[in-house]
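Good morning, everyone, and thank you for making time for this. Please have a look at the sequence and the model while I talk us through a few of the features.

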Amino acid sequence: MQLKIYNSLAGEKEIFKPILDGNVGMYVCGPTVYSNVHLGNVRTFLSFDFIYRSLMHLGYKVRYVRNITDAGHLTDDGDVNNDRFVKQTRLEKLEPMEIVQKYTVDFHKVLDMFNLLPPNIEPTATGHIVEQIELTQKLIERGFAYESNGSVYFDVLEYNRRGLNYGELSKRNIEELFANTRDLDGQGEKKNPQDFALWKKASPAHIMRWNSPWGEGFPGWHLECTAMSTKYLGETFDIHGGGMDLKFPHHECEIAQGKACNDTAPVNYWMHANMLTMNSQRMSKSTGNYILPMQLVTGENDFFEKSFHPSIVRFCFLQAHYRSVLDISNDAMLASEKGFIRLMEAIKVLNNIAPNDEKQSGFSLEEWKNKAYDALTDDFNSPVLIAHLFEAVKYIFALNDAKETISTKDLEELKSTLHALVFDVLGLQTIEENNNEKLDQTLKVLIELRNQARKSKNFELSDQIRDKLLAEGIELKDGRDGTSYVLN
């Protein structure tokens, strides 16, 4: 099996060839910790958690680096007061590092809830100020950056004059970029409208500030990722990931910084996760079409009729390919819950299946396994992988109904493969047994009432219980050992 990855830079799937055989260096742009992590961010980080898990399952040794942006996130390069941390400190009347700590804790709490594995290294922007200053000095020395009024900017025109291509990732034309530029406050410091900040001079009111050769200031947003990715993964590494919204300008700037500093492309495979919508509309605080991850789990919102376990949310997210737009709605979540329960029930049923080495099965385990891994290695196609898992689910229930057979060897392989794909790769978790125990007790009462109705020849009531349960996706099975149930 050859792993294929869609490379945003090439615009097509490519066979994955790591720099060091058997090893993968992967960097993913992490959160800017000035507010609660939103559901769209969770979708991005969950997508790369699935990719991380898949790479490890396929046998790669992965060094996964995901940064924390805790300084210098400007909405534009013109006004230092547009630093998101500055705005939030004023709003909440807290020190900047109190804001950072508060929302870093929230970020980790939410990702733990959805069973995301921690990265191998989680560096912060404030922990790498020295490296960012050194990179800025190197860019100035090489003629790719210039100082202006205590700030330092990357010279985009100079970069292109030397035969390099600013815009190669986002497929933007430099002349079009200049033509469409808006006038910004502070634009006079720049030689060109597209030049971006490497270091910004701090205003007197700016709290987060560090000494530098150009005076007190703070780093630009784009520089931190170049500093941290190259420090921990090298001047060129295998995979760089992030949300689709970061392709321009953030990732475009990273490519330019890396090439200008080191005369080499910083990344071999660029991967971008698509956006999350809710009820077919963009999620936005301004429109009110917005929900926090915790609100989806607790049910404290006006969009969904009930709460949903984090593993069901995770299952829902993975039913869309990471490069596709994912739309969540009440109906989509209910359907995901139903599918998740059936999948987990099948895994539970499989533990009680008795093998039969005498009869030939009509289900080819080898063929099914190949299809599952073909999906996994085809740009991490989680929805197709899940579809193949449900082929196995159908087979498991056929085994349970004695309509199919399985050999001892195949039974063990099916168990181990299913467990690996469901729990290790997809990262799903079983829901606490408390809910299942309550369901078991309730159904035992209903089954007992139905049995009493049958003994009393009250077949109308007996059939009514059976049919109503079936309508709710619960099928009763009458056998020699009594009545059992299956969730459909």
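Let me start with Arg172, which lies over the face of Phe248, at 3.9 Å from the ring centre, and I should say at once that this is a predicted model. Phe248 also belongs to an aromatic cluster, in which it is joined by Phe144, Phe154, Tyr159, Tyr166 and Phe196. A second arginine, Arg66, lies over the face of Phe45, and here the distance from the ring centre is 5.7 Å.

Turning to aromatic pairs, there are 17 of them in the structure. One of them is formed by Phe363 and Tyr395, which are stacked, with 4.0 Å from centre to centre and 10° between the planes. This pair links distant parts of the chain, since Phe363 is in the loop between helix H11 and helix H12, while Tyr395 is in helix H13, 32 residues apart. Are these two rings buried or exposed? Phe363 has a relative accessibility of 17%, so it counts as buried, and Tyr395, at 5%, counts as buried as well.

Now to the sheet, where four strands are arranged in the order S4-S3-S9-S10, with parallel pairing, and the sheet is open. Strands S4 and S10 stand at the edges and have a single partner strand each, which means that one side of each is left without a neighbour in the sheet. On average, neighbouring strands are turned by 20° against each other, direction ignored. Between S3 and S9 there are three bridges, and Tyr27 has His240 in S9 as its bridge partner. Finally, helix H7, residues 221-233, lies across S3, S4 and S9, and runs at about 165° to S3.

Notes: Residues are numbered from 1 along each chain as its sequence is written. This is a predicted model: local features need pLDDT of at least 70, side-chain atom pairs count only at pLDDT 80 or more; totals for chains, interfaces and linings use all residues. Side-chain values use heavy atoms; hydrogens and water are left out. Two strands pair if DSSP finds at least two bridges between them. Helices (H or I, at least four residues) and strands (E, at least two) are DSSP runs, numbered from the N terminus. Axes are lines fitted to C-alpha atoms, for helices over the stretch in contact, and angles run from 0 to 180 degrees between N-to-C directions. Contact means heavy atoms within 4.5 Å. Rings of Phe, Tyr and Trp (its six-membered ring) pair if their centres lie within 6.5 Å; planes under 30 degrees apart count as stacked, over 60 as edge-to-face and the rest as tilted. Buried means under 20% relative accessible area, exposed over 50%, partly exposed in between (1.4 Å probe, protein chains only). A charge sits over a ring if NZ of Lys or CZ of Arg is within 6 Å of the ring centre and within 35 degrees of the ring normal.
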